[in-house]
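Thanks for coming, everyone. Let me put the model on the screen, and then we'll walk through it together.

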Amino acid sequence: MPHTSAASDEQPAGDPNYLVGLDLNGRRVVVVGGGTVAQRRLGLLIASGADVHVISREATPAVEGMATSGQITLELRGYADGDLDGAWYAMTCTDEPETNAAVVEEATRRRIFCVRADNARLGTAVTPATARYDGMSLGVLAGGQHRRSAAVRNALLEALQSGVVTDDSAPVTPGVALVGGGPGDPDLITVRGRRLLARANLVVADRLAPPELLAELGPEVEVVDAAKIPYGRAMAQEAINTALIEGAKAGKFVVRLKGGDPYVFGRGYEELEACVDAGIPVTVVPGVTSAISVPALAGIPVTHRGVTHEFVVVSGHIAPDHPDSLVDWPALAKLRGTLVLLMAVERIDKFAAALLAGGRAADTPVTIVQEGSLRTQRIVRADLSTVADRVRAEGIRPPAIIVIGPTAGFTAGAPENTAAEAH
Ligand SMILES: C[S@@+](CC[C@H](N)C(=O)[O-])C[C@H]1O[C@@H](n2cnc3c(N)ncnc32)[C@H](O)[C@@H]1O
């Protein structure tokens with residue numbers, strides 16, 4: 001008689017399956033069904049290089065798109081016995097139990113492992129909750145408890161991405177990564193940026209790089225503050241370049257963590273050139289630029305159908321009449337779309353005057369967002385005729401974005417009208 005106990009009755013049965021990695025590259029995989037269930041599974045099959053063949057009476061537009069682009073082949077018809085001929089692996093994802101049973105039956109006869117999506121226990125293979133991270137595949141099976149396997153997968157992935165779990169055996173490749181950190185909220189860095197940050201030996205960070213990401217770094221990681229304070233002290237670009245190059249030459253993996261995107265008024269390309277000239281390998285990781293994301297977080301779309309057909313991002317670090325200015329302010333004044341001004345707080349009176357002089361209407365809506373995405377975010381509304389006074393009266397300080405144009409007057413998406421995610 002098998003040993004039982006009250007406790008074991010309450011325990012979920014352990015997962016009995018044998019977890020394996022299949023080399024499907026170039027191998028025929030037949031998927032029966034082309035609805036949303038199949039659609040969700042096709043991406044990974046395609047990414048594994050499988051020769052994916054879908055048989056389904058109907059297919060979602062996304063599945064059809066995969067066929068049109070040559071990622072899969074698609075036959076729009078019902079399943080027939082014999083369809084698994086030549087397959088190494090099969091999945092049946094229809095909403096007809098009898099069809100799914102017939103596919104499993106054929107697969108079993110042919111000794112082909114087959115996933116049955118509507119009732120996993122009746123198939124001969126199950127798909128784990130998976131994730132890919134830095135050249136590894138993670139897979140979790142939890143005896144059919146999908147929420148549990150997905151939750152553990154998510155937790156593992158997050159632990160790896162945030163550096164809580166580190167892969168110490170991964171060799172450090174000396175070099176520099178120019179990483180865009182996003183507008184400030186640590187959740188708004190890219191997955192790749194976060195992964196590389198977790199591997200860094202040396203981080204050279206801008207003032208606008210998300211501070212909470214720096215707080216997550218281990219004590220062994222050296223952090224250099226590039227302290228590029230607007231309108232104030234600046235560590236010379238030369239010194240930053242030298243820190244990057246010397247760090248990499250000393251065998252370190254150096255992350256140059258910047259606010260927003262490295263190539264949007266970030267001097268990222270100068271740093272890339274300096275590293276390339278010194279023979280240092282560089283990886284560029286684009287970031288979520290404040291130029292688009294900060295307006296969005298304040299509820300302002302930089303484009304809107306039927307309202308704006310262009311948006312222009314302009315640096316306000318020099319005045320319109322300055323001999324070094326490369327901006328055609330009279331031309332900007334003639335546009336009807338959205339103007340996004342960065343680094344423009346100090347000279348907003350001059351920019352507003354130039355736009356008004358060039359013919360932009362005085363009642364053009366303007367929204368100013370200070371410290372977008374941070375807990376301290378502030379939103380101030382004005383129009384082109386009042387913006388300079390509002391900026392002064394409200395004591396707006398950098399970093400701030402000034403959005404000018406019809407969408408700057410939109411309020412439906414403003415934080416007070418929408419569900420804000422807790423930081
Ligand atoms: C030197 S530029 C760097 C821009 C950055 N590379 C990007 O893509 O967002 C700095 C300016 O970006 C804007 N900025 C950056 N982060 C911001 C934020 N969280 N809130 C408001 N403005 C921000 C401000 O105009 C600031 O003066």
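How many helices and strands are there in the protein chain? The count is 13 helices and 17 strands. Keep in mind that this is a predicted model.

Start with the overall form. The protein chain has 423 residues, and 41% of them are buried. Its radius of gyration is 28 Å. A compact globule of 423 residues would come out near 22 Å. Along the principal axes, the C-alpha atoms fill a box of roughly 85 × 55 × 50 Å.

Now the ligand. Which residues come nearest to it? There are 18 residues around the ligand, and the nearest are V264, T289, S290, G372 and A400. By class, the shell divides into 11 nonpolar, five polar and two charged residues.

Next, the polar atoms of the ligand. A ligand nitrogen sits 2.8 Å from a polar backbone atom of P183. At G259, a polar backbone atom is 3.0 Å from a nitrogen of the ligand. M343 faces a ligand oxygen: the distance from that oxygen to a polar backbone atom of M343 is 2.9 Å. How much of the ligand does the protein bury? Taken alone, the ligand exposes 570 Å², and the protein buries 92% of that. Two elements give two or more residues to the shell: helix α10, 290-297, and strand β17, 400-404.

Stay with α10 for a moment. V294 is in that helix. Is V294 buried or exposed? V294 is buried, because its relative accessible area is 3%. Now look along the chain to L374. V294 and L374 are 80 residues apart in sequence, yet their C-alpha atoms are separated by 9.9 Å.

Then β17. The loop between α13, 387-393, and β17 holds P399. Look at the bond just before this residue. P398 and P399 are joined by a cis peptide bond, with omega about 0°.

That brings us to backbone geometry. In general, most peptide bonds are trans, and most residues other than glycine have a negative phi. So which residues have a positive phi here? Two to look at are R111 and D134.

Take R111. Its phi is about 60°, positive, although R111 is not a glycine. You'll find R111 in the loop between α4, 97-109, and β5, 113-116. R111 is exposed, because its relative accessible area is 74%.

Now D134. Phi of D134 is near 50°, again positive in a residue other than glycine. D134 is in the loop between β6, 129-133, and β7, 136-140. Its relative accessibility is 28%, so D134 counts as partly exposed. There is a long-range pairing here as well. D134 and R195 are 61 residues apart along the chain, with their C-alpha atoms separated by 7.8 Å.

Back to helix α4, where N100 lies. N100 has a relative accessible area of 0%, so it is buried. What does the side chain of N100 contact? The N100 side chain makes a polar contact with the side chain of D118, at 3.1 Å.

Last, the cysteines. How many disulfides does a search of the whole structure find? Zero. Why does C114 have no bond to C93? C93 holds the closest cysteine sulfur, but that sulfur is 8.6 Å from the sulfur of C114, which is too far for a bond. The cut-off is 2.5 Å between the two sulfur atoms. As for its setting, C114 is buried, because its relative accessible area is 0%. C275 is at 1% relative accessibility, so this cysteine counts as buried too.

To recap, three points. The protein buries 92% of the area that the ligand exposes alone. The peptide bond between P398 and P399 is cis. And the disulfide count is zero. Over to you for discussion.

Notes: Residues are numbered from 1 along each chain as its sequence is written. This is a predicted model: local features need pLDDT of at least 70, side-chain atom pairs count only at pLDDT 80 or more; totals for chains, interfaces and linings use all residues. Side-chain values use heavy atoms; hydrogens and water are left out. Buried means under 20% relative accessible area, exposed over 50%, partly exposed in between (1.4 Å probe, protein chains only). A residue is near a molecule or strand if one of its heavy atoms lies within 4 Å of it. A polar contact is a pair of N or O atoms within 3.5 Å; within protein, one must be able to donate a hydrogen and the other to accept it, and residues adjacent in sequence count only if both atoms are side-chain atoms. Accessible areas come from the Shrake-Rupley method with a 1.4 Å probe; for residues, only the protein chains shown count as cover. Helices (H or I, at least four residues) and strands (E, at least two) are DSSP runs, numbered from the N terminus. Ala, Val, Leu, Ile, Met, Phe, Trp, Tyr, Cys and Pro count as nonpolar, Asp, Glu, Lys and Arg as charged, and the others, Gly among them, as polar. The radius of gyration is taken over C-alpha atoms; the globule rule is 2.2 Å times the number of residues to the power 0.38.
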